[in-house]
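Subject: Structure handover

Hello,

Here is the structure for your side of the project. Please open it first, then read the notes below.

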Amino acid sequence: MACPLARENGVGARIVTSAVFFVVGAGLILHVRRALLRELRQISKVAGAAQDVLLRPLPPSIDGLNIAAAQLSADRGAGVGGDLYEAIATEHGVRVVMGDVRGHGLGAIGTVAAVLGSFREAAHDEPELGGVLRRLERALARHLRQGDRADHPSTGFDPDSPAAEEFVTVLLLEIRRDGEVHALNCGHPWPYLLGRGRVLPLVRAEPLPPLGPFPLPAALVAETCGRLLPGDGLFLHTDGVEDARDTQGRFFPLLPALAEAVRDRPVVPQAVLRTVFAGVLRHTGGRPADDVALLVLRNDRRRVPSKQSRVSHHVPR
């Protein structure tokens, strides 16, 4: 309003005034856009660092086991969702967890953090795999109680609240120095044993219920899964892989994809990972409806002594 040209009635003055306002407005928009982009880049860096701490990349080798793992969130732009995994070398052997939180995407990250944090401590502290599982159960219960108190501070934990319906499927593996594998499973898909040209279920036993809705039984006996011989591998996954559907509602053919990945060739964890992920993305048109997590490991240790080698490495149950 203070601009002299704005008070002129001529066509030329109005054109000049409009041009001035356009240039000033465009400059302000560009300035705001640059500021927002800088802020978005900073937020992305912070989010990426937080995600790396939560679901940190696994080293390529842990105590003689070659490992490859990756996760794909169903929420666009999120690097971490409701699936979790970790592998840690301990004095009891290499301990591995694979889990799946009810729901997917960003809303499940708090529960993922609670379970993973507990596992990273319990894996070293607990001599038995059952003790690790009980620690995970207690950590999940604390997390759910705290979340419910935050939502309903005056009433405390409400058994009818949404938090009371939360659950986590969990698979725990312990791979000892001689290759012997022990497992505890709470509602999670069992792994597959991979060898040159063969894919077999590691265990056929019925799993325990998922963590959360029901208490663990008084006696927790880990499943004995035989020995993982040198060169053999294990394929761990969440149900987002087998439940992935194409546009016609057909499920992803996981077993044929695994068979193709190890047909007439040794087990290479990175190659198996790429084959299955590429297959899932092709099958779903690049839009999986649920989070997907995969972990593949191969025993690269030297062959166990002959006295131990006589024990069968796997007997399907």
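Among contacts in the protein between residues at least 6 apart in sequence, what percentage join residues at least 24 apart? The figure is 71%. Please keep in mind that this is a predicted model.

**Overall**

The protein has 317 residues, and 44% of them count as buried. Its secondary structure comes to 7 helices and 11 strands.

**The five-stranded sheet**

One sheet is open and has 5 strands. Their order is β3-β4-β5-β6-β9, and the pairing is antiparallel. The edges are β3 (83-90) and β9 (223-227). Each has a single partner strand, so one side of each is left without a neighbour in the sheet. From one strand to the next, the twist averages 15 degrees.

Within this sheet, β5 (residues 168-175) runs antiparallel to β6 (residues 180-186). The two are joined by 6 bridges. Leu172 stands opposite Leu184 in β6.

A helix also packs on the sheet: α2, residues 109-125. It touches β3, β4 (93-101) and β5. The direction of α2 makes about 15 degrees with that of β3.

**Gly99**

Look at Gly99, which lies in strand β4. Is Gly99 buried or exposed? Its relative accessibility is 0%, so Gly99 counts as buried; the cut-off for that class is under 20%. Leaving aside neighbours within four places in sequence, Gly99 is in contact with Gly82, Asp83, Leu84, Thr169, Val170, His188 and Thr238. Glu86 is 13 residues from Gly99 along the chain. Their C-alpha atoms are separated by 9.3 Å.

**Arg135**

Helix α3 (residues 129-151) holds Arg135. This arginine counts as buried, because its relative accessibility is 17% and the class takes values under 20%. Which residues does Arg135 touch, not counting residues up to four places away in sequence? They are Ser118, Glu121, Ala122, Asp125 and Glu126.

**The β7-β8 hairpin**

Strands β7 (residues 192-195) and β8 (residues 198-201) pair in the antiparallel sense, over 4 bridges. Leu193 has Leu200 in β8 as its bridge partner. The two strands form a hairpin with 2 residues between them. Gly197 sits in the turn, with a positive phi of about 75 degrees.

**Helices α5 and α6**

Next, a helix pair. α5 covers residues 254-262 and α6 covers residues 269-284. Their axes come within 9 Å and cross at roughly 145 degrees. The crossing of α5 past α6 is right-handed. On the α5 side, the contact involves Leu254, Ala257, Leu258, Ala261 and Val262. These meet Val272, Thr275 and Val276 in α6. How many residues of this contact are nonpolar, polar and charged? There are 7 nonpolar, 1 polar and no charged.

**Positive phi outside glycine**

Two aspartates belong here. Asp264 is found in the loop between α5 and α6. Its phi is positive, about 55 degrees, although Asp264 is not a glycine. Asp264 counts as exposed, because its relative accessibility is 67% and exposed means over 50%.

Asp63 is in the loop between β1 (61-62) and β2 (65-72). Phi of Asp63 is near 50 degrees, again a positive value in a residue other than glycine. Asp63 has a relative accessibility of 33%, so this residue counts as partly exposed; that class lies between the buried limit of 20% and the exposed limit of 50%.

**Cysteines**

How many disulfides does the structure hold? It holds 0. Two cysteines can be added to that entry. Cys186 counts as buried, with a relative accessibility of 0%. Cys225 also counts as buried, at 4%.

**Where to start**

I would go to the open sheet of 5 strands, with its antiparallel pairing. Then view α2, which packs on that sheet. After that, go to the α5 and α6 pair, with its right-handed crossing. The β7 and β8 hairpin can follow, with Gly197 in the turn.

Best wishes

Note on methods:
Residues numbered from 1 in each chain as written. Predicted model: local features only at pLDDT ≥ 70, side-chain atom pairs only at ≥ 80, totals over all residues. Heavy atoms only, no water. Pairing = 2+ DSSP bridges. Disulfide = S-S within 2.5 Å. Buried < 20%, exposed > 50% of the residue type's maximum accessible area, 1.4 Å probe, protein only. Axes fitted to C-alpha atoms, helices over the stretch in contact; angles between N-to-C directions. Left-handed = near helix turned anticlockwise from the far one by under 90°. Contact = heavy atoms within 4.5 Å. Nonpolar A, V, L, I, M, F, W, Y, C, P; charged D, E, K, R; others polar.
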